[in-house]
Amino acid sequence: MAQLRRPPGGRDARIMLFAQLLDRTGTGVWAAASVLFFTFVVGLDATRLGLMLGVGAIAGIAGSPLAGHLADRFPVRPLLIACHLLRLAALCAMLVVTRFELLLPIVALTQLGDRAAKTLEMLFATRVAGERRATYQALSRSAANAGYAVGAGLAAIGLAVGTRGAYEVLILGNALSFLVASVLVWRTREPHGHGRLVGPARPKGEAAPSGASPSDAAPSGRRSPWRDRGYLRFVLLDMPLNLDDSLLNVGLPLWLVHHTDAPHAVVPAFLAVNTVLVVVLQLTVSARVRTPYQAAGAVAWYGLFLLAACALLALTPAHGPWTATATLLGAAVLVTAAELVRSVCSWELAVSLAPGEARASYLGVAGISPSTQKAVGPLLLTGAVMVAGPAGWLALGAGVAGLALVQRRSALRRLATVLPAPTP
């Protein structure tokens with residue numbers, strides 16, 4: 001609470017964190033109610049619902065680089081306000097639109113605005129928090145998870161009523177959160193610095209350390225991130241290092257339902273365990289990962305935690321509800337541990353590996369990783385991993401652990417070209 005009262009970035013950061021809390025509360029309401037709304041109120045079948053959600057996920061992938069591109073040319077505050085108002089308009093449109101052909105672009109615009117807003121919030125943090133951006137990110141994650149939990153609780157009340165009017169109240173509540181968030185963002189001041197990292201950099205004219213390849217060196221000027229092979233390699237490797245999200249929301253529930261006789265009431269406990277641990281431990285984890293070099297080194301822990309979680313899933317007994325419940329809850333704890341590490345490492349490396357002169361564009365490209373994972377991760381789990389059974393889980397865990405080691409080595413190599421070596 002003391003950190004929330006005096007966050008890195010002062011008054012503007014405090015206002016932005018409150019805006020994120022309200023935003024995520026509304027998003028939590030919609031996340032819990034949207035599938036049921038489209039199924040029981042709008043009347044979509046599973047095929048059209050899946051197509052609509054898939055199109056939305058693809059639109060979300062485009063939101064991050066678009067936001068980064070615009071933020072390199074326009075102020076962040078009005079762009080973020082526009083994203084909130086775009087989502088507000090899209091949600092209000094859902095109250096009157098029932099045709100699938102019209103709902104498709106509306107949902108796509110909602111996801112586009114959602115991912116763009118998250119990228120702009122990330123860029124805002126790099127500008128107002130400076131070297132303490134890891135602490136700001138931890139506060140942001142804690143506020144976001146608290147908001148999601150409150151939103152899910154509010155949605156449960158509306159879902160218990162189950163009428164069309166109750167669903168409409170939930171949608172209006174989410175829309176109201178976007179409206180209030182946009183007002184709060186308007187009250188902040190435009191951050192300065194164009195996203196440049198506050199910290200030591202290699203002096204102008206100094207040669208890169210020996211052994212660094214040109215493709216790994218940070219580009220100068222306004223070079224496009226799409227031409228920076230070293231940064232694109234980081235983004236590509238970061239995609240499988242976001243799979244904890246799909247494991248928590250898709251893998252664990254479906255494995256419980258279809259491969260064990262554990263009670264279905266355990267499924268909400270996965271999210272509860274995750275939310276509580278993130279709120280309680282995110283600041284502690286962030287305090288141990290303060291520098292880019294520490295972030296690169298900690299990537300290996302992500303692979304280890306995810307491998308352990310997948311091993312528990314592979315060993316979950318098909319019969320014996322209590323044993324299966326304990327094993328699956330243990331896997332949820334390990335997935336959350338991976339998430340805690342990933343949220344710090346991905347954030348810090350996305351900022352530190354990007355050149356200061358074009359950080360907004362680079363962070364926009366980095367935002368593709370979680371968006372792509374949200375689109376591809378569930379298909380990977382349901383179409384390949386769970387079909388293969390326990391062997392599929394072990395293969396997934398081993399693959400992610402191996403890629404985490406590759407990411408660690410690649411990040412350390414690139415950091416050596418853009419930052420001084422860490423002091424002993």
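A398 has its place in helix α15, which covers residues 390–418. The model in which this residue appears is predicted, and the protein in it has 15 helices and zero strands. Of the 424 residues in the protein, 51% are buried. Contacts between residues 24 or more positions apart make up 85% of the contacts in the protein with a separation of 6 or more.

**Confidence**

- The mean pLDDT of the protein is 83, and 90% of its residues reach 70 or more.
- Among the elements of the protein, helix α11 (residues 292–315) has the highest mean pLDDT, at 94, while helix α1 (residues 2–5) has the lowest, at 64.
- Over residues 194–221, pLDDT stays under 50; for this stretch the model has 54 contacts beyond four places in sequence.
- Where pLDDT is low, the predicted coordinates should not be read in detail.

**Nonpolar cores**

- The largest nonpolar core has 83 residues, and Y231, L349, W393 and L396 are those with the most contacts inside it.
- Helix α12 (residues 321–352) gives the most to this core, contributing 13 residues.
- A second core, separate from the largest, has 25 residues, including F38, V41, L49 and L88.
- With its neighbours within four places in sequence left aside, L349 is in contact with F234, P292, A295, A296, V299, A411 and L415.

**The cavity**

- The structure holds one cavity of 30 Å³ or more, and the volume of the largest cavity is about 80 Å³.
- Its lining is formed by F234, D238, L241, V299, Y302, V341, R342, C345, S346, L349 and Q407.
- The elements that give two or more residues to this lining are α8 (229–238), α11 and α12.
- The largest share of the lining, five residues, comes from α12.
- L349 therefore appears in two settings, because this residue is among those with the most contacts inside the largest nonpolar core and also lines the largest cavity.

**Helix α5**

- Helix α5 (residues 100–129) has 30 residues, which at 1.5 Å a residue should span 44 Å; the C-alpha atoms at its ends are 43 Å apart, in agreement with that value.
- This helix is mostly covered, since 22 of its 30 residues are buried.
- G130 follows α5 and has a positive phi, near 60°.

**Buried residues in helices α2, α10 and α11**

- G28 is found in helix α2 (residues 10–42), and its relative accessibility of 5% is under the 20% limit, so G28 counts as buried.
- Not counting residues up to four places away in sequence, G28 touches Y148, G151 and A152.
- The C-alpha atoms of G28 and A146 are 9.6 Å apart in space, although these residues are 118 residues apart in sequence.
- S286 lies in helix α10 (residues 267–287) and, at 4% relative accessibility, counts as buried.
- Apart from its neighbours within four places in sequence, S286 is in contact with A134, A138 and V344.
- A298 lies in helix α11, and its relative accessible area of 12% makes this residue buried.
- A298 touches V289, V341 and C345, residues up to four places away in sequence not being counted; V341 and C345 also line the largest cavity.
- From C-alpha to C-alpha, A298 and R408 are 7.9 Å apart in space, with their positions 110 residues apart in sequence given as their separation.

**Partly exposed residues in helices α6 and α15**

- A156 lies in helix α6 (residues 133–161); at 46% relative accessibility, this residue counts as partly exposed.
- A156 and L170 are 14 residues apart along the chain, and their C-alpha atoms are separated by 10.0 Å.
- A398, in helix α15, has a relative accessibility of 45% and so counts as partly exposed.
- The C-alpha atoms of A398 and G303 are separated by 8.1 Å, while the two residues are 95 residues apart along the chain.

Terms used: Residues are numbered from 1 along each chain as its sequence is written. This is a predicted model: local features need pLDDT of at least 70, side-chain atom pairs count only at pLDDT 80 or more; totals for chains, interfaces and linings use all residues. Side-chain values use heavy atoms; hydrogens and water are left out. A nonpolar core is a set of buried Ala, Val, Leu, Ile, Met, Phe, Trp, Tyr and Cys residues joined through side-chain atoms within 4.5 Å. Buried means under 20% relative accessible area, exposed over 50%, partly exposed in between (1.4 Å probe, protein chains only). Helices (H or I, at least four residues) and strands (E, at least two) are DSSP runs, numbered from the N terminus. Contact means heavy atoms within 4.5 Å. pLDDT is the predictor's confidence in each residue, from 0 to 100. The expected span of a helix is 1.5 Å times one less than its number of residues. On a 1 Å grid over the protein atoms alone, a cavity is a set of points where a 1.4 Å probe fits but cannot get out, and a pocket is an open set with protein on both sides within 12 Å along at least five of seven lines; lining residues have an atom within 4 Å of a point. Grid points are joined across faces, edges and corners, and a volume is the space filled by probe spheres set on the points.
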